[in-house]
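Me: Got a fold here I'd like to talk through with you. Can we go over the strands, the helices and the charged pairs?

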Amino acid sequence: MASVDVVDETFLAVPPHVVAAAFAAPGSWRGFWPDLELDVYANRGDEGLRWTVGGALVGTMEIWLEPMLDGTLLHYFLRADPPTGSLSPRHARREVQRRQLDAKSVALGLKLTLEDGRPAGCPPLP
């Protein structure tokens with residue numbers, strides 16, 4: 001079992017293709033996850049991406065874009081270990097917490113950017 005196992009979900013009131021476009025350029029990944037080296041092994045288009053992860057962690061990561069209501073549920077999964085092997089329980093908890101905060105920061109940053117100008121309670125902008 002990976003010592004870093006993170007799952008996150010955030011609703012964005014924009015269509016899946018809009019969220020997918022935010023992740024489409026490999027250059028954007030470095031901004032979201034600066035210490036990770038990502039290599040796509042499954043590009044699922046408007047349904048998301050799956051990567052192998054290198055750098056500060058070694059494992060897999062995925063964003064799954066699920067159409068929901070009038071927007072997208074952004075699912076995030078990271079399952080990895082440090083390149084040197086597993087972490088002590090204390091260090092693993094710290095790393096998981098850090099990666100959870102990073103995941104939420106990415107999702108809420110996209111929410112703020114992609115929903116910009118959309119009044120609350122109104123359908124998403126096209």
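Me: How many bridges join β4 to β5, and which way do the two run?
Reply: Strand β4 (residues 58-68) and strand β5 (residues 71-81) are joined by 11 bridges and run antiparallel. Strands here are DSSP runs of E with at least two residues, helices are runs of H or I with at least four, and both are numbered from the N terminus. Two strands pair if DSSP finds at least two bridges between them.

Me: Before we go on, what kind of model is this?
Reply: This is a predicted model, where local features need pLDDT of at least 70, side-chain atom pairs count only at pLDDT 80 or more, and totals for chains, interfaces and linings use all residues. Residues are numbered from 1 along each chain as its sequence is written, and side-chain values use heavy atoms, with hydrogens and water left out.

Me: OK. What stands opposite Glu66?
Reply: Leu73 in β5 stands opposite Glu66.

Me: And what does β5 do with β1?
Reply: β5 pairs with β1 in the antiparallel sense, over 9 bridges. Within β1 and β5, Leu12 stands opposite Thr72.

Me: Zooming out, what is the strand order in the sheet?
Reply: The order is β1-β5-β4-β3-β2, an open sheet of 5 strands with antiparallel pairing. β1 (4-12) and β2 (36-43) are the edge strands, each pairing on one side only. From one strand to the next, the twist averages 20 degrees.

Me: Which strands does helix α1 touch?
Reply: Helix α1 (residues 16-24) packs on the sheet and touches β1, β3, β4 and β5. Its direction makes about 155 degrees with that of β4. Axes are lines fitted to C-alpha atoms, for helices over the stretch in contact, and angles run from 0 to 180 degrees between N-to-C directions.

Me: And where does α3 lie?
Reply: Helix α3 (residues 89-114) lies across β1, β2 and β5, and runs at about 20 degrees to β1.

Me: Back to β1. Which side chains point to which face?
Reply: They alternate: Val4, Val6, Asp8, Thr10 and Leu12 point to one face and are buried, while Asp5, Val7, Glu9 and Phe11 point to the other and are not. Buried means under 20% relative accessible area, exposed is over 50%, and partly exposed is in between (1.4 Å probe, protein chains only).

Me: An Asp on the buried face? What does Asp8 pair with?
Reply: Asp8 forms a salt bridge with Lys104, with the closest N and O atoms 3.2 Å apart. That pair links distant parts of the chain, Asp8 in strand β1 and Lys104 in helix α3, 96 residues apart. Asp8 has a relative accessible area of 13%, so it is buried, while Lys104 counts as partly exposed because its value is 27%. A salt bridge here is a side-chain nitrogen of Lys or Arg within 4 Å of a carboxyl oxygen of Asp or Glu.

Me: How many salt bridges does the structure hold?
Reply: There are 11 salt bridges. One of them joins Arg79 and Asp5, with the closest N and O atoms 3.2 Å apart. Arg79 is in strand β5 and Asp5 in strand β1, 74 residues apart. Another joins the side chains of Arg44 and Glu47 (3.3 Å, N to O). Asp35, Glu95, Arg98, Arg99 and Asp102 are joined into one network by salt bridges that share partners.

Me: New topic, His75. Buried or exposed?
Reply: His75 is buried because its relative accessible area is 3%. This histidine is found in strand β5.

Me: What does the His75 side chain join up with?
Reply: A polar contact of 2.9 Å joins the side chains of His75 and Glu9. A polar contact is a pair of N or O atoms within 3.5 Å; within protein, one must be able to donate a hydrogen and the other to accept it, and residues adjacent in sequence count only if both atoms are side-chain atoms.

Me: Last one: which residues touch the most other members of the largest nonpolar core?
Reply: Phe23, Trp33, Leu38, Trp51, Met61, Tyr76 and Leu78 do, out of 29 residues in that core. β1, α1, β2, β3, β4, β5 and α3 each supply at least two residues of this core. A nonpolar core is a set of buried Ala, Val, Leu, Ile, Met, Phe, Trp, Tyr and Cys residues joined through side-chain atoms within 4.5 Å.

Methods: Contact = heavy atoms within 4.5 Å.
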